[in-house]
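Here are a few short exercises to work through with the model open in your viewer. Try each task before you read its solution.

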Amino acid sequence: MKPFVRETAIAAPLMRANIDTDQIIRIDRLIEHPRGQLGPFCLEALRFAPDGSERADFAPNAPRYRGAGILVAAENFGCGSSREHAVWALVDWGIRAIIAPSFGDIFYGNSFQNGLLPVRLPAAEVAAIAEELDRANADEAPRITVDLQACTVTTPAGRVLPFEIEADRRAGLLEGLDDIGMTLRDRAAIDAFRRDDEAAHPWIYRQTEQPLVKKILILAGDGIGPEIMAQTRRVVEWFGTQRGVRMELQEELFGISAWKTHGHLMRDATWKAVTDSDAILFGATGSPEYAAIPPEHNQFDQLLRMRKELDLFINLRPVRAIKALAAASTLRPDVLEGTDMVLVRELAGGLYFGTPRGIETLADGQRRVVNSMVYTEREVARIARAAFLLARSRNGRLCSVDKANVLENGILWRETVEAVHQADFSDVELSHLYVDNAAMQLVRNPRQFDVMVTENLFGDILSDCAAMVAGSIGMLPSASMSAPAETGRKALYEPIHGSAPDIAGQGVANPLGSILSFGMCLRHTFNLPQQADFLEAAVERVVSAGTRTRDIADPGAAFVSTVQMGDAVLRELERSND
């Protein structure tokens with residue numbers, strides 16, 4: 001959440017006692033609108049008359065108070081329900097602080113967890129501040145400064161009033177941390193206590209729990225894979241030593257490097273490591289040197305083999321616009337702003353695996369090629385189900401992409417997605433697009449999408465198209481997973497950019513897509529979303545501070561090497577971990 005240090009903002013009076021959370025946001029609005037879209041409905045029963053017009057007796061409606069970021073309220077503000085949605089609505093409306101004599105206890109606690117500062121002052125002082133707002137020049141918007149560092153409120157008349165706040169809650173707001181974040185800040189001390197306690201009382205720990213250790217396999221692969229994966233491994237090892245993420249790390253050669261060393265693109269020992277691992281961190285595959293390998297040793301694409309034999313049919317490709325990288329994209333900043341979507345690609349079927357396939361020579365000497373786009377209802381239904389579940393956990397919208405106007409494959413795809421929707425996911429909003437229109441919509445208005453699901457080939461193409469939202473294909477991570485199971489699930493994490501042999505060995509490749517892929521591993525394999533958030537936030541701060549590899553640098557601007565970008569990420573992780 002956004003830290004709160006010192007805010008100077010327009011202040012509006014709302015001197016009504018006992019404003020409860022149901023008045024702040026109606027429950028039906030929570031059904032219709034997710035967090036981030038509640039601002040227009042905040043306090044609507046007080047703001048608007050039944051005909052939709054603004055109430056003249058609601059002070060914040062006055063022109064002088066438009067855009068207020070601070071509310072001056074009467075006693076017991078936020079009483080009633082325990083829902084934190086009331087705080088979300090106020091924050092979405094633009095409120096950063098509320099000054100009142102008292103607050104509902106649960107609302108007060110929820111405020112600190114969501115970046116809203118509740119300031120308690122004596123009732124007489126709050127009333128005096130409200131009078132200052134009323135007396136201010138009618139042509140000027142009255143402003144108040146709330147300084148959390150100094151714990152003072154500066155009124156429109158210039159009076160400086162001290163306030164008290166709990167030390168832990170103050171520290172959390174200053175650093176932009178909720179309770180979980182504050183706890184993780186003390187992770188080193190907690191881990192040290194745990195180690196000492198476990199040494200002193202080993203029978204307790206050994207009887208009640210087993211350490212969760214994941215087996216992680218690194219396959220750097222071809223092209224720029226070894227360069228980016230070297231930086232990713234540094235980050236992986238940092239999370240093991242500094243954040244207590246338990247893992248067994250193994251690295252094997254793959255592709256051209258394996259061929260040169262062992263005479264096999266994927267030797268049996270490497271395949272055993274693949275099947276034994278919980279997750280694979282993969283670099284890239286593809287090199288002009290494959291043309292020199294005898295055909296009998298190069299019959300199978302080993303990446304496709306892993307996808308098929310491990311049944312990694314769920315491919316997640318998150319696409320989010322980072323404001324600092326707006327200039328790196330060919331799309332306008334206003335088109336990019338607010339984009340946060342996930343493309344769900346079916347990864348184990350379709351043209352990449354369908355048979356018959358191949359090139360044959362006809363009787364007249366002409367060559368003919370055949371590729372088959374093959375799907376069963378079961379294959380479509382299971383990827384649709386995975387996409388619906390993801391959409392349900394986000395903003396509740398799923399767009400399914402096909403080519404049902406031309407291909408029978410698309411007809412079956414659409415009918416199956418509709419059947420899954422009607423049977424189990426009617427609460428999720430479902431829409432359909434033809435793939436050509438979907439490609440156009442991704443560059444016309446990408447923020448319209450929440451979750452998009454499509455088949456293998458279309459997903460491959462559309463995710464590269466969506467890379468322009470992030471500024472570079474080098475920024476996009478991906479996760480390929482099997483279905484959840486009681487014993488865990490197999491997963492492969494890789495950036496989507498490929499091997500880029502034209503820049504391999506130059507030390508200029510962007511490692512952030514690979515590093516962010518490990519972030520997805522933290523989220524989906526380790527089930528550590530807070531750790532994933534920690535890494536993703538660190539990467540965004542590095543980029544926002546101006547550190548750029550060549551692919552995301554402004555034209556003519558200086559850029560850093562692959563290793564220097566890894567250095568920058570590790571420095572930020574260390575700084576944030578203090």
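**Exercise 1.** Find the handedness with which α11 passes α20.

*Solution.* Start by locating the two helices in this predicted model: α11 covers residues 225–242 and α20 covers residues 512–524. Helices here are DSSP runs of H or I with at least four residues, strands are E runs of at least two, and both are numbered from the N terminus. Next, look along the crossing: α11 passes α20 in a right-handed way, where right-handed means that the near helix is turned clockwise from the far one by less than a right angle, and left-handed anticlockwise. Then add the geometry: the packing angle is about 35 degrees and the axes lie 8 Å apart. Axes are lines fitted to C-alpha atoms, for helices over the stretch in contact, with angles from 0 to 180 degrees between N-to-C directions.

Now list who touches whom, taking contact as heavy atoms within 4.5 Å. From α11 come Ile 228, Met 229, Thr 232, Val 235, Val 236 and Phe 239, and from α20 Ser 514, Ile 515, Phe 518 and Leu 522. Finally, sort them: eight are nonpolar, two polar and none charged. In this scheme Ala, Val, Leu, Ile, Met, Phe, Trp, Tyr, Cys and Pro count as nonpolar, Asp, Glu, Lys and Arg as charged, and the others, Gly among them, as polar.

A note on the set-up: residues are numbered from 1 along each chain as its sequence is written, and side-chain values use heavy atoms, without hydrogens and water. Local features need pLDDT of at least 70 and side-chain atom pairs 80 or more, while totals for chains, interfaces and linings use all residues.

**Exercise 2.** Describe how β8 and β9 pair.

*Solution.* Strands pair if DSSP finds at least two bridges between them. β8 (residues 214–221) and β9 (residues 247–252) have six, in the parallel sense. One bridge joins Leu 217 to Gln 250 of β9. Between these strands the chain runs through α11, in a right-handed β-α-β crossover: with the strands pointing away from you, the path from the first strand over the helix to the second runs clockwise.

**Exercise 3.** Which strands stand at the edges of the open sheet, each with a single partner strand?

*Solution.* Write down the order of the seven strands: β4-β3-β2-β1-β5-β6-β7, with mixed pairing. The edges are β4 (117–120) and β7 (160–162), so one side of each has no neighbour in the sheet. Inside the order, β1 (residues 6–14) pairs with β2 (residues 70–73) in parallel over four bridges, including Pro 13 with Val 72.
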